[in-house]
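Hi,

Here is the model I promised to pass along. Have a look at it first, and then read on for my notes.

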Amino acid sequence: SRYNVAIVGVTGAVGEKMLEMLEKVEFPIDELRPLASKRSVGKMIQYKGADLPIQEATPEAFEGIDIALFSAGGSVSKQLAQEAVDRGAVVIDNTSAFRMYEDVPLIVPEVNKEDIKNHKGIIANPNCSTIQMVAALEPVREKYGLNRIIVSTYQSVSGSGNDAVEELKHQTKAMLEGETVYTEIMPVKSEAKHFPIAFNALPQIDTFEENHYTFEEMKMINETKKIMNLPELNVAATCVRLPFFYSHAESIYIEIDDENITVPQLQGVIKDAPGVVLEDDIVNQGYPTPLSAEGKLDIFVGRIRKDLDVENGFHLWVVADNVLKGAAWNSVQIAQALIEMNSEA
Ligand code: 2RA
C-alpha cells in the first residue's frame, strides 16, 4: 500500500533532508504534503521532479495524512501533533516535546525497533547526539553489559539550525577580513548573551537546568537510559559546540560489566553492529572525523582503547552526520519500520 505523508517544518535544516531521505529510499508515498509556518506559504519544494506548494501547518492540514514527520520545533509539535493523531496520522516527532513521555516510544531502529508497537499515535525521534552514541554502544551492552558512560561532545552548528550555519559562515569571513562580527544566534538564540562560534568552543548547548547541566546534556543522559531500557545506567555528559558545519563527534568513556575483555573483542562487536562502521586503524591514521562522516547515513567508530587504570573501562570516538542519522534519516527509518510492522500485523 501507499501512504499520505506530511513533513512539518519542510523548509528547515532537518525538514529538507527528510524530503531527500524519503526520495532516496523510495518510500511508498501516495501524496506528499509539505507543511510549514505561514511565512513559507507560496514557496515551492521539489519532490521527485515535481513542484509542490508549501501549505500552512494547521490542524486541518492533516486531514487524510497517514504519517506526519514533525521537525519544526517543540512548540509546533505541542500544538499540532495531537491534532494530526486525532485525524488518523501517526506522528514521528523530531523535537524534544514528547521524548520522555511514558506512552511515547523513543526509537533508534538499530537499538529498540520493537518498542514502536507500543505507540499511541506519537513516536519520538531522539536527540542527535544521543542517537549516534546509543547505536554505537548497544552491541557492546548486549554482549558485555554496560554500567557507566561519560561522554564529551564536539557538536556542529547545524544542530542549531540553518541560522547557526549562516552565522558561522558570516563570522569566519568577517573575522578573517577584519569586518564587523555579528553574534546573535550562538550558543542559544533566546538567551541573554551570545558569543562568537567562529574560532571558538562553546560549552553550552541549549539552556541550563537547575542541576547545572544543560538541556542537551540532560537529553543525552535521560534519553540514553530510556532507549537502552537501563534506568540504572550511570551517564554523565558535557556538550560543546564547535565551529564546523555538519556531524557531531563524541569522546565516550564506558565501563562494561564483563572482565578481561580486549580491544579486538570490542572492535568485533562494533564492526558487526547494524548502521555502524568501524574505522579504527591507527597504524594508517584510520579514524572518522566530522568531515569524513558528513553526508553519510552510518555511524563511525574509531580510537577504541582500554583505560590505563580501570580494568573494564574503554574509550572510543564516535562520529555521525547529525542532520542525517541524528535526525532526518533516523525519522525515515522509523517510518519504514512502522509500515513494515503494519504490513506484518
Ligand atoms: C544540537 N542536539 O546539536 C541539538 C539539535 N537538536 O543543538
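Let me begin with the Q155 end of things. Q155 sits in strand β9, which runs over residues 146-155. With 24 other C-beta atoms within 10 Å, Q155 is buried. Keep in mind throughout that this is a predicted model. On confidence, the protein chain has an average pLDDT of 97, and 100% of the residues score at least 70. For the complex, the predictor reports an ipTM of 0.95 and a pTM of 0.97.

Why start with that residue? UniProt, in an unreviewed entry, annotates Q155 and R241 as "binding site". The two are spread over 87 residues of sequence, yet they cluster in space, with a largest C-alpha distance of 4.7 Å. R241 belongs to strand β10, residues 234-241. R241 is buried too, since it has 27 other C-beta atoms within 10 Å and 20 or more is what it takes to count as buried.

The contacts tie the pair together. Setting aside residues up to four places away in sequence, Q155 touches S129, I205, C239, V240, R241, L242 and H248. On the same basis, R241 is in contact with Q155, V157, M186, P187, I197, L202 and I205. I205 therefore turns up in both lists.

There is a second "binding site" annotation, again from the unreviewed UniProt entry, and it takes in T11, G12, A13, V14, R39, S40, S158, G159 and N322. This set behaves in another way: it spans 312 residues in sequence and its farthest two C-alpha atoms are 26.1 Å apart, so the residues do not all gather at one spot.

I looked at two of its members in detail. V14 lies in helix α1, residues 13-24. V14 counts as buried, with 30 C-beta neighbours inside 10 Å. Beyond its neighbours within four places in sequence, V14 contacts G9, S71, N94, V323, A327 and A328. G159, for its part, is in the loop between β9 and α5 (162-177). G159 is also buried, with 26 C-beta neighbours inside 10 Å. Its contacts, leaving aside neighbours within four places in sequence, are C128, H248 and N322. N322 is itself covered by that annotation, and H248 is also touched by Q155.

Now for the helix packing, where α4 is the one to follow. Which helices does α4 pack against at an oblique angle? One of them is α7, and another is α6.

Taking α7 to begin with: the axes of α4 (residues 128-144) and α7 (residues 263-271) come within 8 Å and cross at roughly 120 degrees. That angle is outside the 65 to 115 range for roughly perpendicular and not over 145, so the pair counts as oblique. The crossing of α4 past α7 is right-handed. On the α4 side the residues that meet α7 are A136, P139, V140 and K143, and their partners in α7 are L266, V269 and I270.

With α6 (residues 215-227), α4 packs at an angle of about 40 degrees, the axes being 9 Å apart. That makes this pair oblique as well. Here too the crossing is right-handed. The contact involves S129, T130, M133 and V134 of α4, and E216, K219, M220, E223, T224 and I227 of α6. S129 is worth a second glance, as Q155 touches S129 as well.

Two more residues, both partly exposed, round off my notes. Q267 is in helix α7. With 17 C-beta neighbours inside 10 Å, Q267 counts as partly exposed. Q267 touches L278, D280 and I304, not counting residues up to four places away in sequence. Its C-alpha atom is separated by 46 Å from that of M44, which is 223 residues away along the chain.

M341 is in helix α9, residues 324-344. M341 is partly exposed, with 14 other C-beta atoms within 10 Å. The C-alpha atoms of M341 and E114 are separated by 9.1 Å, though their positions lie 227 residues apart along the chain. Leaving out residues up to four places away in sequence, M341 touches I116 and K117.

Cheers

Key:
Residues numbered from 1 in each chain as written. Predicted model: local features only at pLDDT ≥ 70, side-chain atom pairs only at ≥ 80, totals over all residues. UniProt positions renumbered as here; feature names shortened; annotations may be inferred. Helix = DSSP H or I, 4+ residues; strand = E, 2+ residues; numbered from the N terminus. Buried ≥ 20, exposed ≤ 12 C-beta atoms within 10 Å, placed from the backbone. Contact = placed C-beta atoms within 7 Å. pLDDT = per-residue confidence, 0-100. Axes fitted to C-alpha atoms, helices over the stretch in contact; angles between N-to-C directions. Parallel < 35°, antiparallel > 145°, perpendicular 65-115°, else oblique. Left-handed = near helix turned anticlockwise from the far one by under 90°.
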